[in-house]
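The paragraphs below go through one protein chain, element by element. Please keep the sequence and the coordinates at hand while reading.

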Amino acid sequence: MKIINAKLKLFSSLLSHPLTPLLPCSLAPLLLRSLSFLPICLFLIACASSTPAPTPTPSPTPLPRTFTGEFAYTWVVRQCDLGPRVTGTEASRQAGDLFIAELQALGWEVLEQTFTYKETPVRNILAWKGEGEAVLLGAHYDSRRVADQEDTALPVMGANDGASGVAVLLELARALDWETVHQQVYLGFFDAEDNGHLDGWDWIIGSSYMAEHWGEAGESPLTAMILVDMIGDADQQVYYEQNSHPTLSHELWEVAAQLGYAERIIAQYKYAMLDDHIPFARQGIPAVDMIDFDYPYWHTTQDTADKVSAESLEAVGRTLEVWLEGN
Ligand SMILES: [Zn+2]
């Protein structure tokens with residue numbers, strides 16, 4: 001568009017001073033003999049295009065179309081910069097607002113689900129895009145109120161336990177190629193997962209609420225649910241989880257192996273987790289928890305961004321991306 005405008009501008013300036021710039025053109029004598037308007041126009045355009053075009057302003061390098069661990073990692077840092085995202089706090093509100101703004105900027109529809117639990121405001125965020133059978137990818141975004149594996153006077157930063165899963169969802173929101181994804185993708189950001197056993201709180205409050213109320217705002221029935229939780233550990237070991245759907249687990253781990261991640265996303269059973277996939281599994285939806293529970297900093301003050309690696313985020317993110325784009 002810029003080059004065309006430059007030619008038109010040159011053309012109008014030639015019209016006001018028709019002869020001066022025409023002389024270098026070898027056709028000038030012929031055209032000087034022709035007085036009809038059309039050949040002059042053609043000639044002017046021909047001469048204009050022989051004039052060196054202005055150097056176009058360099059455009060920024062396009063962002064990669066594939067899931068990029070470095071980009072995902074920036075989302076871990078941005079969440080941690082807000083401080084612990086404990087349910088009901090200002091930092092939690094800021095984190096939710098940040099996700100909503102990003103998702104909307106990327107063209108996702110967004111719904112907030114708010115309710116009160118033990119006099120504490122809870123907010124889930126649900127985003128969706130695309131057409132076809134519906135799948136939900138989820139992560140909790142709250143961080144645990146106290147680091148009770150270490151010091152009950154201090155909160156958990158939740159760089160891995162919380163922020164890593166969210167980071168994968170947000171980078172997927174950017175990177176998914178909608179020419180190859182033929183499903184409707186929901187991204188669920190669950191609040192109030194991680195205060196279990198503190199002051200009588202249960203675990204998985206936000207995801208339970210979302211599962212119970214699924215469909216009430218017009219959400220499509222789900223064919224699969226995949227949870228990502230604590231998947232950013234630099235020393236990554238994501239095993240099959242025992243409460244997860246076996247066939248869907250196998251599909252995902254197979255994709256991971258094809259991508260060369262078999263030593264990180266390991267096709268062996270290890271833990272059984274009560275996590276945000278359970279409320280969906282209870283409704284008969286094939287649900288999988290991708291979780292790396294071999295994390296020595298779990299529920300300590302040491303769960304900080306330096307324990308998370310871009311490579312680990314990328315292994316899980318690329319696996320989900322390729323699975324979505326291949327289904
Ligand atoms: Zn936790």
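Two residues are in contact if their C-beta atoms, placed from the backbone, lie within 7 Å. By that criterion, and leaving aside neighbours within four places in sequence, L137 is in contact with L169, L172, V185, L187, I226, V228 and L320. The model is a predicted one. L137 also belongs to the largest nonpolar core, which has 76 residues, and is listed with A167, V168 and L169 as having the most contacts inside that core. Helix 6 gives the most to this core, with 10 residues. As a general background, nonpolar side chains in soluble globular proteins tend to be buried together.

The protein as a whole has 10 helices and eight strands. Of its 327 residues, 42% are buried. Among contacts between residues at least 6 apart in sequence, 80% join residues at least 24 apart.

The next topic is the sheet. Six strands form an open sheet with mixed pairing, in the order 1-2-4-3-5-8. Strand 1 and strand 8 (287-291) stand at the edges with a single partner strand each, so one side of each has no neighbour in the sheet. On average, and with direction ignored, neighbouring strands of this sheet are turned by 20° against each other. Helix 6 packs on the sheet, where it touches strand 2, strand 3 (133-140), strand 4 and strand 5 (222-229). The direction of helix 6 makes about 145° with that of strand 3.

The strand pairs can be followed from the edge at strand 1. Strand 1 and strand 2 run antiparallel and are joined by nine bridges. Within this pair, T114 stands opposite R123 in strand 2. The two strands make a hairpin with two residues between them, and there K118 takes a positive phi near 45°.

Strand 2 then pairs with strand 4, again in the antiparallel sense, over five bridges. The bridge partners in strand 4 include Y186 for W128, L187 for A127 and G188 for L126. In a regular strand the side chains alternate between the two faces of the sheet. Strand 4 is mostly covered, with six of its eight residues buried. On to strand 3: strand 3 and strand 4 run parallel and are joined by eight bridges. In this pair V135 stands opposite V185 in strand 4. V185 and L187 of this account are also among the contacts of L137.

Helix 5 comes before strand 1 in the chain. Helix 5 covers residues 90-105, and its 16 residues reach 22 Å from the first C-alpha to the last, close to the 22 Å expected at 1.5 Å a residue. Which residues of helix 5 are buried? They are S92, A95, G96, F99 and L103. These residues lie on the same side of helix 5, because they cover an arc of only 95° around the axis. An α-helix has 3.6 residues a turn, so residues three or four places apart point the same way. The buried residues of helix 5 pack against helix 4 (69-81), strand 1 (109-117), strand 2 (120-129), helix 6 (159-175) and strand 4 (183-190).

The face of helix 5 turned away from the buried side carries the exposed residues E90, A101, Q104 and A105. Why does Q104 count as exposed? Q104 has 12 C-beta neighbours inside 10 Å, and a residue is exposed if that number is 12 or fewer. Q104 and A127 are 23 residues apart in sequence, and their C-alpha atoms are 8.6 Å apart in space. A127 is the residue whose bridge partner in strand 4 is L187. After helix 5 comes G107, whose phi is positive, near 90°.

Last comes helix 7, residues 205-212, which is mostly covered: seven of its eight residues are buried. The buried residues are I205, G206, S207, S208, Y209, M210 and A211. What covers the buried residues of helix 7? The covering elements include strand 1, strand 2, strand 3, strand 4 and helix 9 (278-281). Strands 1, 2, 3 and 4 are also members of the open sheet.

Terms used
Residues numbered from 1 in each chain as written. Predicted model: local features only at pLDDT ≥ 70, side-chain atom pairs only at ≥ 80, totals over all residues. Helix = DSSP H or I, 4+ residues; strand = E, 2+ residues; numbered from the N terminus. Buried ≥ 20, exposed ≤ 12 C-beta atoms within 10 Å, placed from the backbone. Expected span 1.5 Å × (residues − 1). Arc of directions from axis to C-beta. Pairing = 2+ DSSP bridges. Axes fitted to C-alpha atoms, helices over the stretch in contact; angles between N-to-C directions. Core = buried A, V, L, I, M, F, W, Y, C linked by C-beta atoms within 7 Å.
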